[in-house]
Amino acid sequence: MLGGTKKKEKGVILDRPPSLTLEQMIEDVEAADPDDYVFKFIEALDEDVETFSRANEEEDDEVDDSEDEFYEVRDTFETDPTFVFETIDQRYERMCEFVKERDGLLANKKSMEESCQLLNDRVASTKDQLEKLKFDVHKHLETHQTPEFPTISSQNTHSSCEVGTD
């Protein structure tokens, strides 16, 4: 081995099947299922090309510089004419107004979200207080006896006792 030269190693070459002949390719295509997605895709491409070609041919045939025809077509658009014919400076000003309006709406959104969060916190606090109150009432009722409700007969005896003491 001489200095400075390197021996290159050959990589492993995999065996490939032999290439198909043109006749074999045509045979495969003819024998293929007509519903194969490849054929559907190619048909769609062909249709798009045909449609595009026809549209260009019709446009070339129908080119007419008549101003009347332009304005007849223009009348069918529902576009604000001031928007169509504004200058670049006017359009820039309108876009600046849109951006300012959007920024204001975003600021309002943030303020509303903060207010909603504050309300949600208050609702949670109120729910906690309600649960504590329910617990306290339940505990009170368990520890203290509820007095008997007065009845008509017990009221009559009670009032006759009071009458008799006078």
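## Lysine 134 and its partner

Lysine 134 is partly exposed in this predicted model, with a relative accessible area of 48%, where buried means under 20%, exposed over 50% and partly exposed in between (1.4 Å probe, protein chains only). Glutamate 131 likewise counts as partly exposed, at 48% relative accessibility, and its side chain meets that of lysine 134 in a salt bridge of 4.0 Å, N to O; the term stands for a side-chain nitrogen of Lys or Arg within 4 Å of a carboxyl oxygen of Asp or Glu. These two residues lie three residues apart in helix α5 (residues 88-143), and are therefore separated by about one helical turn; helices (H or I, at least four residues) are DSSP runs, numbered from the N terminus.

## Other salt bridges

The count comes to three salt bridges. In helix α5, aspartate 136 and lysine 132 are four residues apart, about one turn of the helix, and their side chains form a salt bridge at 3.2 Å, N to O. Aspartate 136 is partly exposed at 32%, whereas lysine 132 counts as exposed at 53%.

Arginine 102 pairs with aspartate 103, their closest N and O atoms being 3.7 Å apart; arginine 102 is partly exposed at 47%, and aspartate 103 is partly exposed at 39%.

## Phenylalanine 41

Phenylalanine 41 lies in helix α2 (residues 37-61) and is exposed, with a relative accessible area of 54%.

## Basis of the model

Residues are numbered from 1 along each chain as its sequence is written. In this predicted model, local features need pLDDT of at least 70, side-chain atom pairs count only at pLDDT 80 or more, and totals for chains, interfaces and linings use all residues, while side-chain values use heavy atoms, leaving out hydrogens and water.
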